[in-house]
Amino acid sequence: MPPDPQADFGQDGALPARAERELAALLATGAAPAPRVRTGLSRRRVLLAGGVVATATAVAASGELGRWLGAGGEAQALVTPPVLTLRTIAGTSPHDVLAELAEKVRGLAPDAVRGPYLYLKSWGWWLNSAGDVPGGVANAAVPTETEQWIRTSDGAGRERQAYGEPYFPNPDQERDARAAGLVEGEGVRDERHGPGYFAPDSAWQALLPFSTDPERLLAQLRDVNWEGGRLIWGVSAMLDAAGRASGGTVEPALRAAALQVLARRTDVKVSRTTTWHGRQALAITQESGHRKAVFRDSLLVDPATGYPIGGEEALLGDPLSLRIAVPGTITVSETLARGTVKDTRSTV
């Protein structure tokens, strides 16, 4: 994978202060930490030699939607599902597109609060990988539909996950992938959790409340490590934390400020796209390269509200050692429903 753009290594190879602190904390931890609950966008697992686990953003899908939604058939494709088609917005710059959307969002009325629970429904899959199996790198994914009811006052709630048929880019490696623990879940899992389970990450909690001034908001964002070093994922995580800390809604002014932060980046591209469930979205994209590979990450935003509604990680050019056909999807997520409800049985 490419280096973290935030790392800022010196020519002498010395680690920056933040990396030194994180490395020291990792080395001081003898046992693996308990897995953190997925809230907002999911995370894919990359199992490296020696059992080291890394994470990246996620969940993916294909045009054969019925198969990935568990509507029958076997997921036995030799390649990953196709990447999103990004349509260029002619005659305007990414800055102008996002700045215009920010002004539109800033003028919206606040969301109505209909209950103490934030309800989220999402769908997709993330590609889990193992690099220490007999046949080389093995990959597996499980299409998953997730519903969460989060009581925003204390982080308690309910989570229901419906797992589809596992998908193996190389069906011959199914046995290795299962043995490596890459197949997560089967059937339906419905669990209730106590206070704190769905609480925002402590790093985000420490920054609350978030500023609605774009420059101050960017300064706050820089205090937290972004997934993959991508600002788009930092903005998404920040808005998710803000929603769970403020009764399940994010004020229009904060959504607008987040869009302004992205508008001021010179490494961001903006396109139109159609999601896997047929919704129109803006794709805010950041790319990086490693050798002949291009890693293209896209945050999907609702053009009517400014809320994030999903994301995609795509691999273009060279698959490196991942052994998937390119262009290919590594992870994708899509939010199907979002709103506040009165109890853990209600939906929107």
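How many bridges join strand β4 to strand β7?

1. Eight bridges join them. This is a predicted model. Strand β4 covers residues 117-126, strand β7 covers residues 144-151, and the two run antiparallel. One pairing to check by eye: L118 has I150 in β7 as its bridge partner.

2. The wider sheet is open and has 10 strands, with antiparallel pairing. Its order is β3-β10-β11-β12-β13-β14-β4-β7-β8-β9. β3 (87-88) and β9 (188-193) stand at the edges with a single partner strand each, so one side of each has no neighbour in the sheet.

3. Helix α3 (residues 94-106) lies across β10, β11 and β12. Its direction is at about 65° to β10. The helix has 13 residues and reaches 18 Å from first C-alpha to last, close to the 18 Å expected at 1.5 Å a residue.

4. Which residues of α3 are buried? They are V97, L98, A99, L101, A102 and V105. Their cover includes α8 (252-263), β10 (269-274), β11 (280-290) and β12 (293-301). In general, residues three or four places apart on an α-helix point the same way, because there are 3.6 residues a turn.

5. Helices α6 (residues 214-221) and α7 (residues 231-245) have axes that come within 11 Å and cross at roughly 100°. That crossing makes α6 roughly perpendicular to α7. L217, L218 and L221 in α6 meet L231, G234, V235 and M238 in α7. The contact residues divide into six nonpolar, one polar and no charged.

6. Back to the sheet. α3 lies across β10, β11 and β12. α7 also packs on the sheet, touching β4, β7, β11, β12, β13 (308-316) and β14 (328-341). The direction of α7 makes about 30° with that of β12.

Technical notes. Residues numbered from 1 in each chain as written. Predicted model: local features only at pLDDT ≥ 70, side-chain atom pairs only at ≥ 80, totals over all residues. Heavy atoms only, no water. Axes fitted to C-alpha atoms, helices over the stretch in contact; angles between N-to-C directions. Helix = DSSP H or I, 4+ residues; strand = E, 2+ residues; numbered from the N terminus. Parallel < 35°, antiparallel > 145°, perpendicular 65-115°, else oblique. Contact = heavy atoms within 4.5 Å. Nonpolar A, V, L, I, M, F, W, Y, C, P; charged D, E, K, R; others polar. Expected span 1.5 Å × (residues − 1). Buried < 20%, exposed > 50% of the residue type's maximum accessible area, 1.4 Å probe, protein only. Pairing = 2+ DSSP bridges.
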